[in-house]
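New to this one? Have a look at the structure first, and then we'll walk through a few parts of it together.

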Amino acid sequence: MYLEHFGLDRPPFKITPDTSMFYSGSRRGAVLEALKYAITSGEGIIKVVGEVGSGKTMLCRMLEVELGPQVEIVYIANPSLSPENILHVIAFELKLGITSESTKLEVMQALQAYLLDKHASNRQVVVFVEEAQSMPIETLEEIRLLSNLETSDHKLLQMVLFGQPELDEKLREPSIRQLKERITHNFYLEPFPADDVYQYLNFRLRAVGYRGPDLFTSKLASNIERKSSGLTRRINILADKALLAAFSDGGHSIETRHIDMAAEDSDFGQADRWKPVARVAIAIFALGLAMFIGTLLPQAWQSTQLTAALPESMAVKPTASQTIRSESDRHSTAQGAAGSSVRQAASLNTTSETLGTEQTPLAVASQAPLNLNAHLQKSLSWAQTTPFNHFTIQMALIEIHAEPSLRQFVELASEHLDIEKLYIYQASIGGRMVFSVLYNDYEDKSDAIAQLSQLPDGLRNADPYLRTLKGIRSDITRTDRLAITTPEDIH
């Protein structure tokens, strides 16, 4: 409708993946290259995690183009497959000539023979599993068993799991820990920061023939980033509707009101408006409940019952060092756990158990308590002065209202790491404010990888991964623009 008006050859913001308009910024190009390397190296299972609309399907399509004809790709887009059916689906996709009546043994033998033949001709077979977070655990376990098909020096079948963050939650279940151990490469698609939204929007326009001045300014891009949470699908929808609104006005420039109209029509962010209010209400309720129980019940009974009242996945169990804390400190830890996300609480719970049983924790009295304001200021100075091409380890993300959980994580981490090399800053991730906990900086990527591999299991439960200082600075810049919280706001 607006193509001729803006001088475009075709729609620039379709939500269906178009590989001719793949944007390599915001680490998407780097992730694509890393995926290609991981697949062609033929080792283990690969996992790609990102929020809904973050670009996972586009990566699938780009891999098909980039890997070339020597790699045969099988797509599994139906996440509700049973363990009995997934083998048949793969066999059908590979055209192995089996029927629905074929037994599992027959299918497995036909599949293995086919894969050996491909390997002999120096070709690969890769299975892409989309929406993997919705797959039954039994089916994911069947996928793990398929990874056992191998020669003496090479995997015959490579698998890539694409899923939402819930996939990480599912992989933490003890019944599927063997699959998690087989995952050798983990990739995370983070939302676009405002700078990349600006580049992305104008890149897409010029890819379809636009030749004029930038239609989307940095200010408009920042507005779109806030309303879309940096997710590419939402960015596309907002940009498309904004162009339509400008066309309807008869103008050739995009204005803030066009973005606002597009967001209102799309209903983006409406459900999130009440999140801060809801979080405050939950925190007040938890505090009131703790105080009520504390005034009516004996302290010993209170401590155990308050923890038992929480769901198991949200109960933060104390380490040996924590047992010497005051009762009021225990209450604040329980409140922080109740207010934090389920994922972070589960990670802290597992970390506490591992370090509390396998290590000799340091006494709290032997450590200086965390001065959060000073640590935030020190970390900001470090991020601004460290070369942007250095690497660091992203240790954990903890919701900003859960300060007690942050302090607990820092205490646990300090039993194994130098707290002076632990950095904390505030970031907006997917529209939520979080504490981002980092460790150290490394000029050489191999040094960072070596340190990451040596982290104890308790700290690895939070899924640490490598980041660059360039990405950290982008986080801080974006958060400063939002101006939601500053270090002075924390008491």
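What follows is a short tour of model confidence, two helix pairs and a salt bridge.

## How far to trust the model

Keep in mind that this is a predicted model. The protein has a mean pLDDT of 77, with 76% of its residues at 70 or more. Confidence peaks in helix α9 (residues 194–207), at a mean of 95, and drops to its lowest in helix α15 (residues 327–339), at 35.

Two stretches deserve a bit of care. Residues 271–284 have a pLDDT below 50, and this stretch has 3 contacts in the model beyond near neighbours in sequence. Residues 293–367 also come in below 50, but there the model shows 105 contacts beyond near neighbours in sequence.

## Helices α2 and α3

Two packed helices are described by the angle between their axes and the distance between the axes. Let's start with helix α2 (residues 28–41) and helix α3 (residues 56–67): they pack at about 55°, and their axes are 10 Å apart. That angle makes α2 oblique to α3. The crossing of α2 past α3 is right-handed.

So who meets whom? From α2 come Arg28, Val31, Leu32, Leu35, Lys36, Ile39 and Thr40, and from α3 come Leu59, Met62, Leu63, Glu66 and Leu67. Sorted by class, this contact has 8 nonpolar, 1 polar and 3 charged residues.

## Helices α10 and α11

Further along the chain, helix α10 (residues 218–228) packs with helix α11 (residues 232–249) at an angle of about 125°, and the axes are 9 Å apart. Angles over 145 would count as roughly antiparallel and 65 to 115 as roughly perpendicular, so α10 and α11 are oblique to each other. Here α10 passes α11 in a right-handed crossing.

On the α10 side, Ile224, Lys227 and Ser228 make the contact, and they meet Arg234, Ile235 and Leu238 in α11. By class, that gives 3 nonpolar, 1 polar and 2 charged residues.

## A salt bridge between helices

Side chains of opposite charge can pair when their charged atoms come close. How many salt bridges turn up in a search of the whole structure? The search finds 16.

One of them joins Glu142 to Lys104, with the closest N and O atoms 3.1 Å apart. Glu142 sits in helix α6 (residues 137–146) and Lys104 in helix α5 (residues 104–120), so this pair ties together parts that are 38 residues apart in sequence.

Conventions: Residues numbered from 1 in each chain as written. Predicted model: local features only at pLDDT ≥ 70, side-chain atom pairs only at ≥ 80, totals over all residues. Heavy atoms only, no water. Axes fitted to C-alpha atoms, helices over the stretch in contact; angles between N-to-C directions. Helix = DSSP H or I, 4+ residues; strand = E, 2+ residues; numbered from the N terminus. Parallel < 35°, antiparallel > 145°, perpendicular 65-115°, else oblique. Left-handed = near helix turned anticlockwise from the far one by under 90°. Contact = heavy atoms within 4.5 Å. Nonpolar A, V, L, I, M, F, W, Y, C, P; charged D, E, K, R; others polar. pLDDT = per-residue confidence, 0-100. Salt bridge = Lys/Arg side-chain N within 4 Å of Asp/Glu carboxyl O.
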